[in-house]
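Let's talk through how the labels in a model like this one are earned. Bring your questions about criteria, and we can check them one by one.

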Amino acid sequence: MLSHEQEALIDATAPVVAEHLNAITSRFYPLMFERYPEVKVLFNEVHQQNGSQPRALAGAVLAYVQLRGNPAKARAALDIVVSKHVSLNILPEHYPIVGECLMAAIGEVLGDALTPEIADAWGALYNELAALLIDLEDQRYREFESRPGGWRGARRFKIARTHQESSVIRSFVFEPEDGGPVAAHEPGQYIGVRVMIDGEPVYRHYSLSDLPNGRSYRISIKREEQGRVSRHFHDVLAVGDTLELLPPAGDLTLIEGSEPLLLASGGVGQTPLLPIARQALLDGRRVVYLHAAIDRDHHAFGDDVKALKRDYPEQLTVVNVLERGEGVEHIGRIDRDLLARYLPGPRARCYFVGPQGFMAAVDTALAGLGIDDSHRHFEHFGPARPLVAA
Ligand SMILES: Cc1cc2nc3c(=O)[nH]c(=O)nc-3n(C[C@H](O)[C@H](O)[C@H](O)COP(=O)(O)OP(=O)(O)OC[C@H]3O[C@@H](n4cnc5c(N)ncnc54)[C@H](O)[C@@H]3O)c2cc1C
Ligand code: HEM
């Protein structure tokens with residue numbers, strides 16, 4: 001519990017901390033990885049190099065300064081963080097490590113300006129936020145463990161099947177090694193994957209690209225030219241190999257209701273939208289499914305979507321978009337005109353996932369077409385950041 005004096009000190013010094021945020025976060029991670037090398041494996045090196053993860057963490061701490069007076073809003077704002085943490089099995093014992101290194105980084109950057117009173121106030125704020133995250137994460141761990149087929153921590157799975165979906169995307173179906181059932185996820189959620197590469201564990205997130213079935217999970221991975229984990233999946237792992245999965249999580253899920261849906265994806269961004277489409281169709285909702293790929297070779301899940309169209313000829317509208325090629329509904333890009341042509345009404349719920357520039361363009365176009373913020377849903381395949389047009 002922060003004292004009134006500490007609250008006043010936080011408010012007075014937050015602008016200084018914000019001003020030095022880049023310096024603090026640039027110092028924080030190297031310091032933590034030096035002092036506690038065991039936590040380094042949890043973090044994606046590329047997110048460190050491009051600064052997206054340091055910015056996300058620092059942004060969340062500062063956002064909490066504003067939100068802490070409104071606990072319901074604070075909890076809602078932390079959902080993305082909690083999901084990421086849960087799918088990486090972040091535990092209470094990790095929090096003092098981050099707290100110690102964050103305070104040390106603030107101390108190094110602010111120097112004498114950080115009096116013992118100010119340091120205590122920020123330490124208390126961190127502890128309050130950490131306690132909130134630990135509590136929210138514990139609730140999620142318990143809830144998932146209590147589901148039929150649920151578990152806690154890492155569970156070993158084997159690759160039961162693979163399927164090449166396009167020249168660069170391959171699906172992997174995992175079944176648990178223990179032969180037991182697997183808990184249902186919500187369509188649209190992702191799962192934490194832990195693979196051993198060169199004797200070291202590496203963590204990544206992948207959207208579950210099919211509906212829950214109680215026996216297995218499917219993910220679909222795009223091979224990145226220089227990607228560490230995606231190349232390992234494509235080039236090294238095969239049917240029969242094993243890896244560990246952490247609990248599914250994620251907030252890009254189907255919001256119940258009767259509104260029609262517009263689902264727009266670019267490239268591998270299709271993975272969370274396929275199960276959302278299936279679920280919505282099962283629920284009797286109308287779905288417009290727009291998918292953009294560079295060309296036919298890169299176009300994935302064509303057969304799955306065709307089968308859906310056969311099953312739901314009236315409810316589903318499919319619009320395939322290729323940047324180059326022929327024989328599809330549209331050649332070009334998913335732009336404002338195309339969205340305007342297919343938007344199923346002003347109250348449509350719109351979900352869109354793809355590269356940052358794609359999501360920024362779709363978001364701007366949908367806002368321009370009158371779709372309210374509350375009906376525009378998207379997810380970053382990396383740390384969350386503002387959508388800024390490319
Ligand atoms: C919620 C969520 C859901 C996701 N769902 C999916 C999904 O369904 N399918 C999917 O494929 N991915 C998905 N991702 C992304 C996935 O987690 C990985 O980030 C992705 O597979 C790349 O990981 P990697 O280890 O192969 O690449 P990394 O090694 O992490 O590299 C990331 C990028 O940097 C580039 N890069 C790395 N090193 C270099 C270098 N030295 N020079 C130049 N470029 C370099 C790589 O080519 C790659 O494009 C999701 C991510 C999140 C957060
Ligand atoms: C108060 C404390 C913490 C805050 C505010 C915080 C905040 C965040 C935020 C904002 C993200 C990015 C979410 C997104 O993807 O958009 C994140 C991801 C992550 N956090 Fe935390 N976090 C905290 C504590 C911890 C702790 C204790 C650990 C474990 C050592 C940890 C490990 C991670 C990892 C591994 C990721 C994913 C990183 C990646 O993508 O490379 N966090 N956290």
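What follows is a short exchange about two ligand shells, one helix and a nonpolar core.

Q: What should I know about the model before we start?
A: It is a predicted model, in which local features need pLDDT of at least 70, side-chain atom pairs count only at pLDDT 80 or more, and totals for chains, interfaces and linings use all residues. Residues are numbered from 1 along each chain as its sequence is written, while chains are lettered from A and ligands numbered from 1 in the order in which they are written.

Q: What makes a residue part of the shell around ligand 2, and which come nearest?
A: The C-beta atom, placed from the backbone, has to lie within 6 Å of the molecule. Around ligand 2 there are 25 such residues, with Asn-44, Ala-56, Ala-60, His-94 and Ala-384 nearest. H4 (52-67) is among the helices that supply at least two of them, and H4 gives the largest share, 5 residues. Helices here are DSSP runs of H or I with at least four residues, strands are E runs of at least two, and both are numbered from the N terminus.

Q: How do the classes of residue divide in the two shells?
A: Ala, Val, Leu, Ile, Met, Phe, Trp, Tyr, Cys and Pro count as nonpolar, Asp, Glu, Lys and Arg as charged, and the others, Gly among them, as polar. The shell around ligand 2 has 19 nonpolar, 5 polar and 1 charged residues; for ligand 1 there are 7 nonpolar, 10 polar and 6 charged. Strand E4 (200-207) is one of the elements supplying ligand 1's shell, and gives the most, 4 residues.

Q: How do you know that the length of H7 agrees with what a helix should span?
A: The expected span is 1.5 Å times one less than the number of residues. For the 16 residues of H7 that should be 22 Å, and the end C-alpha atoms are 22 Å apart, so the two agree.

Q: Why are some residues of H7 called buried, and where do they lie?
A: Buried means that 20 or more other C-beta atoms, placed from the backbone, lie within 10 Å of a residue's own (exposed: 12 or fewer; partly exposed: in between). In H7, Cys-101, Leu-102, Ala-105, Ile-106 and Val-109 are buried. They cover an arc of only 140° around the axis (taken from the directions from the axis to the C-beta atoms), so they are on the same side of H7.

Q: What makes a nonpolar core, and which residues have the most contacts inside the largest?
A: Such a core is a set of buried Ala, Val, Leu, Ile, Met, Phe, Trp, Tyr and Cys residues joined through C-beta atoms within 7 Å. The largest has 83 residues, and Ile-191, Leu-263, Ala-277 and Val-362 have the most contacts inside it. H8 provides the largest share of this core, 8 residues.
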